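These are my notebook entries on a structure that is new to me. I record what I looked up, in the order in which I looked.

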Amino acid sequence: MWLQDVLAKKILLMLLILPSIVLPFSILGTGSMSAYAEFDKSGNYVCNPFGRSVETNIYLDVVHRINDRMTLYMKTNPNATALQQHDVLMQDQKTWDLYNKSRTCLADVIGANPDDIISLTPDVQQAITVPEFGVLTSMVVMVAILGSIVVYRKFF
């Protein structure tokens, strides 16, 4: 009986030690293999033309993230101006970069229409189209109109 207990303990010990020895070698072996993934080792997005479902999921996630950010901001700041909404959305440039790359991948490489998959909410669409000039927009337009009138009268 004593011999069986010792043998069982040795087998259990070997079962615990063996994976700890083999696991590091299996991890090292995968480092030299190249795999086509949606993100490279640096964390940068890479379009996978053969992974439509994965690309669709990435695009869905990014659009949901943007829409949810705007919804949360509007709940906590219901009187925010369009320019404030724009500024909040544009703070996370990594998300917008991923959005643009994923959208381009779906449209140009895979051939899917991203708007058929999911689209940004009307609040987000309105906020991202706000010009960054703010109050200066009307002044820029006025100067352009006056300049064209002066040029027109001078040459015609």
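Entry 1, surface. I took accessible areas from the Shrake-Rupley method with a 1.4 Å probe. On that basis I noted that the protein exposes about 11,800 Å², and that carbon and sulfur atoms supply 65% of this area. I add at once that the model is a predicted one.

Entry 2, overall make-up. I looked up the secondary structure and found seven helices and zero strands. Read along the sequence, the pattern is α-α-α-α-α-α-α. I then turned to burial: the protein has 156 residues, of which 22% count as buried. For contacts between residues at least 6 apart in sequence, I recorded that 61% join residues at least 24 apart.

Entry 3, aromatic pairs. I searched for paired rings and found two aromatic pairs in the structure. In one of them, the rings of Tyr59 and Tyr99 have their centres 5.7 Å apart. Their planes lie at 25°, and planes under 30 degrees apart count as stacked, so I entered this pair as stacked. I checked where the partners sit: Tyr59 belongs to helix H2 (residues 52-76) and Tyr99 to helix H4 (residues 93-110). The two are 40 residues apart, and the pair thus links distant parts of the chain. Are Tyr59 and Tyr99 buried or exposed? I found both Tyr59 and Tyr99 to be buried.

Entry 4, a further pair at Tyr99. I noted that Trp96 and Tyr99 form an edge-to-face pair. Here the distance is 5.4 Å centre to centre, with 80° between the planes. Trp96 and Tyr99 are three residues apart in helix H4, so about one helical turn separates them. Trp96 and Tyr99 are both buried. I concluded the entry by writing down that ring pairs link Tyr59, Trp96 and Tyr99 into a cluster.

Entry 5, the largest pocket. I looked up its volume, which is about 200 Å³. Which residues line the largest pocket? I listed Phe39, Gly43, Asn44, Tyr45, Arg65, Lys94, Thr95, Asp97, Leu98 and Lys101. Which helix gives the most to this lining? I found that H4 does, with five residues. Sorted by class, the lining holds four charged, three polar and three nonpolar residues.

Entry 6, review. I returned to H4 and set two records side by side. Helix H4 holds Tyr99 of the stacked pair, and H4 also gives the most residues to the lining of the largest pocket.

Definitions and conventions: Residues numbered from 1 in each chain as written. Predicted model: local features only at pLDDT ≥ 70, side-chain atom pairs only at ≥ 80, totals over all residues. Heavy atoms only, no water. Phe/Tyr/Trp six-rings, centres within 6.5 Å; stacked < 30°, edge-to-face > 60°. Helix = DSSP H or I, 4+ residues; strand = E, 2+ residues; numbered from the N terminus. Buried < 20%, exposed > 50% of the residue type's maximum accessible area, 1.4 Å probe, protein only. 1 Å grid on protein atoms, 1.4 Å probe; cavity = no way out; pocket = protein on both sides within 12 Å on 5 of 7 lines; lining within 4 Å. Points joined across faces, edges and corners; volume = space filled by probe spheres on them. Nonpolar A, V, L, I, M, F, W, Y, C, P; charged D, E, K, R; others polar. Contact = heavy atoms within 4.5 Å.
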